[in-house]
Amino acid sequence: MKKKSEKSVVPARAVAAAVLALCAAALAPKAMADDFLDAAKKKVEIATMTKEKWDGPTTGPKAAAGKTIVFVAGDMKNGGIVGVSKGVEEAARAIGWTVRVIDGQGTVSGRTAALNQALAVKPAGIVVGGFDTTEQKAAFAGAAKSGIPLVGWHSGEQPGPNDKAGLYANVTTVTDDVADVAASWVVADSGGKAGVVIFTDSQYAIALYKARAMEAVIKKCGGCTVLSFEDSPISESSTRMPQLTTSLLQRFGDKWTHSLAINDLYFDFMGPSLTAAGKKGDGSPKAVSAGDGSEAAYQRIRTQRYQAGTVPEPLNMQGWQIVDELNRAFAKEKWSGYVPKVHLVTTGNVGKDGGPKNVFDPDNGYRAQYKAVWVAAPK
């Protein structure tokens, strides 16, 4: 027969263990949320660092002489496409090539006509600027048959070759990383309690992919909410965004704390509606773009007028990379394998890495590095 003290000790221990288990279960979600928030803050910290060290190619073929290339722009109203086209033209002058730019004017039919016009010129190479390969299968097939190498900029979800589409290389940062950094800033800035509207354009596979990737990050944040996923043609932003902004404010009010978009262009036309609603330029909803880093975006970030951040592409540097990739294609060599690291611009670092010129232009000496690779380039 057990003593009385023994009868009371066993249940007491069991109760204590149960209480501890309940406490642990209650604390687990909070611990996970804290870990997710800390991870988001760390990603933002790394992404906002300056880009002073060259991490691109240091070897490659010597410059092919006297080439003519065509840059087919998806839409020259898009600041990112304009920026990279200027980089291509600058690099072409350095290597001794001629560039012709043809504008696809923001429509499928316009891009088809532009690509066919480029093929008719019979250039040494073609650059596909700002539209993906799935849209223009026939034209790409025509280029493949002609033997003209194609290099894309934002012509798919991932960097590198796309043999199926006939693309020698696609020059871009890693889409998932861009989306992750933009969404992580929202998580960090809100303390894990953001109410988010996401803007994208499903006409472009890369845009939809990027937007869904941002959405996935926000959904992993237990205290955050995706209020709306807005599919709006980027080429119609000037006419659509003012009314759409007003409508979203009416629907969500102060629950709308942050905006995420696949391109800065969406934010070009939101300001008047936000002002009319009494929203402050540095207040909610705070806007962050996962793409390009236009001059207008830099101005908004610098003056804290309805945009808090952007994840810009190093547009001019990517123009130089495109020329380098074409030079490798002409020499029948593999693509360089270079993928620029993701960078985040906010009010805290907007004056660095080319910021005074309202562009992301890394201070890593890329021009000299590429010229050294093309050592035989005409002067």
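**A walk from Asp 353 to strand 4**

Start by selecting Asp 353: this residue is buried, with a relative accessible area of 8%. Keep in mind that you are looking at a predicted model. Asp 353 sits in the loop that links strand 12 (345-346) with helix 11 (366-373). Check its backbone too: phi is near 50°, a positive value in a residue other than glycine.

Next, pick Lys 122. Here phi is near 55°, again positive in a residue that isn't glycine. Is Lys 122 buried or exposed? Lys 122 is exposed, at a relative accessible area of 70%. You'll find Lys 122 in the loop between helix 3 (108-121) and strand 3.

Now carry on into strand 3 (residues 125-129), which pairs with strand 4 in the parallel sense over 4 bridges. Show Ile 126 and its bridge partner in strand 4, Leu 150. Then add helix 4 (residues 137-146): strand 3, this helix and strand 4 form a right-handed β-α-β unit.

Stay on strand 4 (residues 150-153) and look at its two faces. Both are covered: Leu 150 and Gly 152 are buried on one side, Val 151 and Trp 153 on the other. Bring in strand 6 (residues 167-171), which runs parallel to strand 4 and is joined to it by 3 bridges. Within strand 6, Asn 170 is the residue opposite Gly 152.

Last stop: jump to Pro 285, in the loop between helix 8 (271-276) and strand 10 (286-289). The peptide bond joining Ser 284 and Pro 285 is cis, with omega about 0°. As background for these backbone stops, most residues other than glycine have a negative phi, and most peptide bonds are trans.

Notes:
Residues numbered from 1 in each chain as written. Predicted model: local features only at pLDDT ≥ 70, side-chain atom pairs only at ≥ 80, totals over all residues. Heavy atoms only, no water. Buried < 20%, exposed > 50% of the residue type's maximum accessible area, 1.4 Å probe, protein only. Pairing = 2+ DSSP bridges. Right-handed = clockwise from strand over helix to strand, strands pointing away.
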